[in-house]
Amino acid sequence: MSHMFIPGPVDVDPDVLQAQTKPMVPHRSADFEKIFRETEAKLKKVFLTETRVFQPPSSGTGMQEAGVRNLVQNDVLSCINGAFAERWYQVAISNGKQADRLDVPWGEAITPDLLADALKKKSYEAVTIVHNETSTGVESPIKELAAVVHDISPDTLILVDAVSSVGGVKIETDAWRIDFLLTSSQKCMALPPGMAFAAVSDRSLAKAETVKNRGWYFDLLRMEKHRVKDSTAMTPTMSLIWALDVQLDHMLKEGLENRYARHAAMASRVQSWSLDRGMEPLAAEGYRSRTVSTIKNTREMDIAELNKYLLTKGMRLSNGYGELKNKTFRIAHMGETQMHHIDELLEAIDAFLAKK
Ligand SMILES: *Cc1c(COP(=O)(O)O)cnc(C)c1O
């Protein structure tokens, strides 16, 4: 077996990789537009929305930029509980937005009470929230957070980064009225890197009409103008679209509910294994990610040595992120990873621990 347990890029199924070798066609052609229309229709199912899903060339970070640049003129509240949430804040201020920070320590979730307090103090055009903090393995309760925003500040748009969770954890875009939900191709969607996807509400597009300096490349209104013609303003990532088409078929064939259950089962297997070994997940119970487990390295394993050992068996995991390096390690269980992969990985880590 050869398998990666790093939180992106993840392993891609061979037939999805193979789909990328299909010959090019003109992108202004009925052939291409047909596939582009079909991938959007399937993406809508995965995003649980009937509105629209953009499929631009970009990684996820580009959609963080598109979100703040199109949907905020001045004031945005950045909820920050890890590296990717911090990045979204940096993206906002780099684009000249007035971003206020709602900070909690890394390893904790953003809670509805904290968000409610912040929204009562000041009115914001939008809030940015990372659903699944890949750096810390923390999942924030996005349904409850969205409800708080609708309740306290109904005009505030809800922008959610779900790069490492879309397709693996249920996020009901329409039912929870999330205005902007973004992801990348290379994480829970199990595609090669290079594309981003974003579900965008009608309310968001109406707001964008009023926002100045939306830029060109990520102007949501320009994207919409082309989307309705099953196209993009620029050249699309054609090979990745072929791969996307096949991967979305895999996802829908497995069934979204089955997919969510598989991710939850792998998370609970990894997390109970780590607790049995005296190593706690960084996140508190109730906030533990279902797609990536960040585990405290209380057994003081040499993570670099561990990875060398795992590589002899064709596997690898991730060290902790930034400050959390060596203090934690991360096991991703997302995309096409199956329980038998997890079993083999945990067995190998046990063998490594026994050698110490
Ligand atoms: C990986 C990641 C990003 C950055 O995505 P890119 O595709 O690398 O730009 C943003 N947010 C989260 C939660 C991530 O896991």
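Which helix gives the most to the lining of the second largest pocket? The answer is helix 10 (residues 256-276), with five residues. Helices here are DSSP runs of H or I with at least four residues, numbered from the N terminus. The model is a predicted one, in which local features need pLDDT of at least 70 and side-chain atom pairs count only at pLDDT 80 or more, while totals for chains, interfaces and linings use all residues. Residues are numbered from 1 along each chain as its sequence is written, and side-chain values use heavy atoms, with hydrogens and water left out.

Rolling a probe the size of a water molecule over the atoms shows where empty space is left. A pocket is an open set of points, on a 1 Å grid over the protein atoms alone, where a 1.4 Å probe fits and protein lies on both sides within 12 Å along at least five of seven lines; lining residues have an atom within 4 Å of a point. Points are joined across faces, edges and corners, and a volume is the space filled by probe spheres set on them.

The second largest pocket holds about 160 Å³ of space. Among the residues lining this pocket are Glu139, Ala264, Gln271, Tyr287 and Arg290. By class, its lining comprises three nonpolar, five polar and four charged residues; Ala, Val, Leu, Ile, Met, Phe, Trp, Tyr, Cys and Pro count as nonpolar, Asp, Glu, Lys and Arg as charged, and the others, Gly among them, as polar.

The largest pocket offers about 250 Å³. It is lined by 21 residues, and Phe84, Arg87, Val163, Gln186 and Lys187 are the closest to its centre. Two elements, helix 3 (60-71) and helix 4 (83-94), give two or more residues to this lining, with helix 3 giving the most, three residues. The lining has six nonpolar, eleven polar and four charged residues.

The ligand takes up the space of this largest pocket, in the sense that more than half of its atoms lie within 2 Å of the grid points. Around the ligand are 13 residues, the closest being Ser59, Thr61, Thr134, Asp161 and Lys187; a residue counts if one of its heavy atoms lies within 4 Å. Polar contacts (pairs of N or O atoms within 3.5 Å) join ligand oxygen atoms to the side chain of Thr134 at 2.4 Å, to the side chain of Thr61 at 2.5 Å and to the backbone of Gly60 at 2.9 Å. On its own the ligand has 380 Å² of accessible area (Shrake-Rupley method, 1.4 Å probe), of which the protein covers 91%.

Notes
Polar contact = N/O pair within 3.5 Å; in protein donor to acceptor, adjacent residues only side chain to side chain.
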